[in-house]
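Student: I have a structure open on my screen and would like to know how its labels are earned. Could you take me through it?

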Amino acid sequence: MKLILTAAVDNLGVAGDVVEVKDGYGRNFLLPRGYAIAYNRGTAKQIEGIQRARDAKQIRSNEHAAQVRAELEGLQVRVPVRADATGKLYGAVTSNEVATAIKKAGGPLLDKRVISAAKPIKSLGTHIVAVKLTDAVTAHVPVEVVTA
């Protein structure tokens, strides 16, 4: 089965790559999760747009990563959540919620897979979240968890 990747997939490729995979893997894993779209003449025209979007999100060098790190560490990131009276959350703050909050605070659009916390965020207050920009550069972003 020939597919166009819309997101990076480990051991397969990055967004915009045309890959050949077994039918079951494509039909049961990649397509339902939105990691790929079927390849045909119509979708082949979308490859350039997908690659342009990937390049806009991509960190180009360590100098660029250092600039992005300085920008990220200077942001006031707030994540609104539902919590009980004692400050305990109903669930936990996800990487996707943190990425959305960074974008709303004026930061760059980040992939949720580059964001990690030392432990799951399950309480109100300020928490430090690591954003791995490159192998050499990691930003430590303070994230304030507040009630919605």
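Tutor: Gladly. Of the contacts in the protein chain with a separation of 6 or more, 51% come from residues 24 or more positions apart. Please keep in mind that this is a predicted model.

Student: What makes up the secondary structure of the protein chain?

Tutor: The protein chain has 5 helices and 9 strands. Their pattern along the sequence is β-β-α-β-α-α-α-β-β-α-β-β-β-β. The C-alpha trace spans about 55 × 35 × 25 Å along its principal axes.

Student: How many of the residues are buried, as a percentage?

Tutor: Buried residues are 32% of the 148 residues in the protein chain. The accessible surface comes to about 9300 Å², and carbon and sulfur atoms hold 50% of that surface.

Student: Why is Asn11 called exposed?

Tutor: The cut-off for exposed is over 50% relative accessible area. Asn11 has 84% relative accessibility, so Asn11 counts as exposed. Asn11 sits in the loop between strand S1 (2-5) and strand S2 (18-20). Asn11 also has a positive phi of about 60°, although Asn11 is not a glycine.

Student: How do you know that S1 and S2 pair?

Tutor: Pairing takes at least two bridges between the strands. S1 and S2 have 3 bridges, in the antiparallel sense, so they pair by that definition. Ile4, for instance, has Val18 in S2 as its bridge partner.

Student: What makes S2 an edge strand?

Tutor: Start with the sheet: it is open, has 3 strands in the order S2-S1-S3, and its pairing is antiparallel. S2 and strand S3 (36-38) each pair on one side only, and they are the edge strands. From one strand to the next, the twist averages 40°.

Student: Why is the contact between Asp111 and Arg113 called a salt bridge?

Tutor: The rule asks for a side-chain nitrogen of Lys or Arg within 4 Å of a carboxyl oxygen of Asp or Glu. The side chains of Asp111 and Arg113 meet at 3.1 Å, N to O, so the pair fits the rule. The structure holds 2 salt bridges. Lys132 and Asp135 also meet in a salt bridge, at 3.6 Å, N to O.

Student: Which of Lys132 and Asp135 is exposed?

Tutor: Asp135 has 75% relative accessibility, so Asp135 counts as exposed. Lys132 has a relative accessible area of 47%, so Lys132 is partly exposed. Partly exposed lies between the cut-offs of 20% and 50%.

Student: And why are Asp111 and Arg113 partly exposed?

Tutor: Asp111 has 30% relative accessibility, so Asp111 counts as partly exposed. Arg113 has 47%, so Arg113 counts as partly exposed.

Student: Which residues have the most contacts inside the largest nonpolar core?

Tutor: That core has 24 residues, and those with the most contacts inside it are Leu72, Val93, Ile102, Ile115, Val131 and Leu133. Among the elements that give two or more residues to this core are helix H4 (62-73), helix H5 (95-104) and strand S8 (125-132).

Student: What does Ile115 touch, leaving out residues up to four places away in sequence?

Tutor: Ile115 touches Ser95, Val98, Ala99, Ile102, Leu110, Val129, Ala130 and Val131. There is also a second, separate core of 7 residues, including Leu5, Val9, Val19 and Leu30.

How values were computed:
Residues numbered from 1 in each chain as written. Predicted model: local features only at pLDDT ≥ 70, side-chain atom pairs only at ≥ 80, totals over all residues. Heavy atoms only, no water. Helix = DSSP H or I, 4+ residues; strand = E, 2+ residues; numbered from the N terminus. Buried < 20%, exposed > 50% of the residue type's maximum accessible area, 1.4 Å probe, protein only. Axes fitted to C-alpha atoms, helices over the stretch in contact; angles between N-to-C directions. Contact = heavy atoms within 4.5 Å. Areas by Shrake-Rupley, 256 points an atom, 1.4 Å probe, with all protein chains shown as cover. Core = buried A, V, L, I, M, F, W, Y, C linked by side-chain atoms within 4.5 Å.
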